[in-house]
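Got your viewer open? Here is a walk through the model, one selection at a time.

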Amino acid sequence: MLERKAFFVVVDGLGDRSVKDGKTPLQIADKPVLDELAMEGCTGIMNTLGPGIIPGSDTAHLALFGYDPKLYYKGRGPFEALGVGLNLEEGDVAFRCNFATVDDNFRVIDRRAGRLKDEGSVLAKALQNLTIEDVKIIFFPSTEHRGTLILRGKGLSPAVSDTDPHSPEKVPPLESKPRDNTPEAKKTARIVNKFVRKSREILSSHPLNKERKKEGKLPANIVLTRGAGIYQKVESIKDRYGISSCCIAGSALYKGVARYAGMDVLNVEGATGRIDTDIEAKAKAAREAIKTYDFVFIHVKGADNASHDGNLEGKLSMIKKVNRLAEILREEDAWLIITADHSTPLSVKRHTSDPVPVLIYGEGIRKDRVNFFDEVSVACGGLGHLNGLSLNRIIMDLMGCGHMVGS
Ligand SMILES: [Zn+2]
C-alpha cells in the first residue's frame, strides 16, 4: 500500500566547489526554507554514479529513477527523440541533429547554420518519406537549428561515430564510422553517411536556402548527426513499484528520460529549461499533479546553465528559485526530496564527480543533526554517502512500495 506520495526535485548541476571565501554557492545563497527543511529533515551526500565517476545528465537521471546506466544506457539519441514527443519502436536508432552550413568541399562553415529560427520545420519537410536501402528515415525538427533523426529497420546498431565534427576546424569528409566490426554497425554508418549526403543534395536546392543566401544569411544546407542510441523498451516505474509518476521539465532530454521510465510528461507553460524558468508555474503544476500522481519529478535546469557560463549571480538566483519551489511544495502532505544530478562547478564550467547534496523532508522522517542545505553540511547527514540507485530505493521504501529482500 502506498504510504505517502513524493515530490522529487532535481536541480541540475547544483553541486559546486568553493567560489568565495572558501564557500560554495549553496553556502553563500539566501535559502532559508531549504535550510529549515534540512534542519527538520534528513540529509546526505551523493555520487549519482559512484565516487569519482563524472555523470552525464542522462545517465545520472537514469540512476536517480532506479535504472542502472550500465544496463539501461544505450546512447542519448532515444531520450532526445522521446523528449520531443516522438514514439520509438524497439531497435530504432535515434540521433540528435543539427542543420549546419558546409561549403562545396563539405567543410563545415557553421555547425548551427547561423542559428535558425523557425525555418527548421520548413526544411525538415523536404527530408520526409525517405528510405535508404531497407531503412526508413524519420526526421523531425525541434528548436532552432536542432532536429532528431530516427533510423527504423532491421539490423541497426548505435555503435557509430558522429558526423558532426563538434569543432569547425575539422577537415572533410564528414563521415560516420562503425565503432565495432559488426555488420550492424557497418550498415548503420553506411546509412547515416548516405542520409547526410542526401540531406546536402536536398537542402542545397531548397528555395528557403536560396532566400537565405539572398538575404546574406548562411544556408542550412546539411544535417549533421551525433549521439547515436538504440531504443529498448524497459520495465516502467509502474511495472516495478505499482505507482503512477509524471515529469515537469523544460528541456527535452529530461522529458525523454522520464518517458523512457514510463512517466507521463506534463507540459507547463513558462517551464523553459533556462535561468528564466517560471518556478511559480512549475510549483503550481506540481501541486496539481500530486493530486493525481504518486511520484512527481520536477527538473530545474537553470543552475547548470549558469554554471557552464561561470555565472555565480545566475546560480544564486536559481537557488533562490529552488528555495521558493520548496516553500510551496512543503505545504503538501508528501515526501519532498531535493537533490542534483551532478556538480557543475563555476570554476571549471563542466560536470565533475564532486558529490551533490540530498535532502528528504516529510513528517516522521528520522532527523539528523544537519542544519543547513549545502555540500559541506550534508556530508555529516543521516543518509550518509549515497548513489543514485540507492536514493531511488530509499524513496520507494519511504513511499511504501519498496521490495523486501528475503522474508
Ligand atoms: Zn545535468
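Which residues are the protein donors of the zinc ion? Before you click, keep in mind that this is a predicted model. Now select D12, S57, D341 and H342: these supply the donors, with D12 giving two OD atoms, S57 its OG, D341 an OD and H342 its NE2. They lie 1.9 to 2.7 Å from the zinc ion. Written along the sequence, the spacing of the donor residues is D-x44-S-x283-D-H. D12 lies in the loop between β1 (6–11) and α1 (25–28), and H342 in the loop between β12 and β13, so this pair ties together parts that are 330 residues apart in sequence. Try a surface view too: D12 and H342 are both buried.

**Next stop: the nonpolar cores**

Select F8, F295, V296 and I338. These are the residues with the most contacts inside the largest nonpolar core, which has 93 residues. Colour α13 as well, since that helix gives the most to this core, with 9 residues.

Stay on I338 and show what surrounds it. Setting aside residues up to four places away in sequence, I338 touches V9, V11, L34, L37, V322, A326, P357, V358, L359 and F373. There is also a second, separate core of 35 residues; to find it, select V93, F95, A100 and F195, which are among its members. As background, nonpolar side chains tend to be buried together in soluble globular proteins.

Two of the contacts of I338, L34 and L37, take you to helix α2, residues 32–40. Which residues of α2 are buried? Pick out V33, L34, D35, L37 and A38. Then turn on their cover, which includes β2 (42–46), α13 (312–329), β12 (335–339) and β13 (356–361).

**Ring hunting**

The structure holds 10 aromatic pairs. Begin with F79 and Y260, an edge-to-face pair at 5.2 Å centre to centre, with 90° between the planes. F79 sits in helix α5 (residues 77–83) and Y260 in helix α10 (residues 252–260), so the pair ties together parts that are 181 residues apart in sequence. Why does F79 count as buried? Because its relative accessible area is 2%, and the cut-off for buried is under 20%. Y260 counts as buried too, at 6% relative accessibility.

Now go to F99 and F139. Their ring centres are 5.7 Å apart and their planes are at 75°, so this pair is edge-to-face. F99 belongs to strand β3 (residues 93–102) and F139 to strand β6 (residues 135–141), so the pair ties together parts that are 40 residues apart in sequence. F99 is buried at 0% relative accessible area, and F139 is buried at 1%.

Go back to Y260 and show its neighbours. Leaving out residues up to four places away in sequence, Y260 touches L62, Y72, F79, L82, Y231, Q232 and V234. Draw a distance from the C-alpha of Y260 to that of Q232: 8.9 Å, for two residues 28 apart along the chain. Then widen the selection to Y67, Y72, Y73, F79, Y231 and Y260, which form one aromatic cluster.

While Y67 is lit up, add R240. It lies over the face of Y67, at 4.1 Å from the ring centre. For another arginine of this kind, select R200, which lies over the face of F106 at 5.5 Å from the ring centre.

**A buried asparagine**

R200 is also one of the residues touched by N221, so select N221 next. It lies in the loop between α8 (207–214) and β8 (222–230). Is N221 buried or exposed? It is buried, with a relative accessible area of 6%. Apart from residues up to four places away in sequence, N221 touches A100, T101, V102, S199, R200, L203, S204 and N209.

**Last stop: cysteines**

How many disulfides does a search of the whole structure find? The count is 0. Select C42: the nearest cysteine sulfur, that of C380, is 12 Å away, whereas a disulfide needs the sulfur atoms within 2.5 Å. The surroundings of the two can be compared on the surface view. C42 is buried, with a relative accessible area of 6%, while C380 is exposed, at 65%.

Terms used: Residues are numbered from 1 along each chain as its sequence is written. This is a predicted model: local features need pLDDT of at least 70, side-chain atom pairs count only at pLDDT 80 or more; totals for chains, interfaces and linings use all residues. Side-chain values use heavy atoms; hydrogens and water are left out. Buried means under 20% relative accessible area, exposed over 50%, partly exposed in between (1.4 Å probe, protein chains only). Helices (H or I, at least four residues) and strands (E, at least two) are DSSP runs, numbered from the N terminus. Contact means heavy atoms within 4.5 Å. Donors are N, O and S atoms within 2.8 Å of the metal (3.2 Å for Na, K and Ca); water is not among the atoms, so sites may look incomplete. A nonpolar core is a set of buried Ala, Val, Leu, Ile, Met, Phe, Trp, Tyr and Cys residues joined through side-chain atoms within 4.5 Å. Rings of Phe, Tyr and Trp (its six-membered ring) pair if their centres lie within 6.5 Å; planes under 30 degrees apart count as stacked, over 60 as edge-to-face and the rest as tilted. A charge sits over a ring if NZ of Lys or CZ of Arg is within 6 Å of the ring centre and within 35 degrees of the ring normal.
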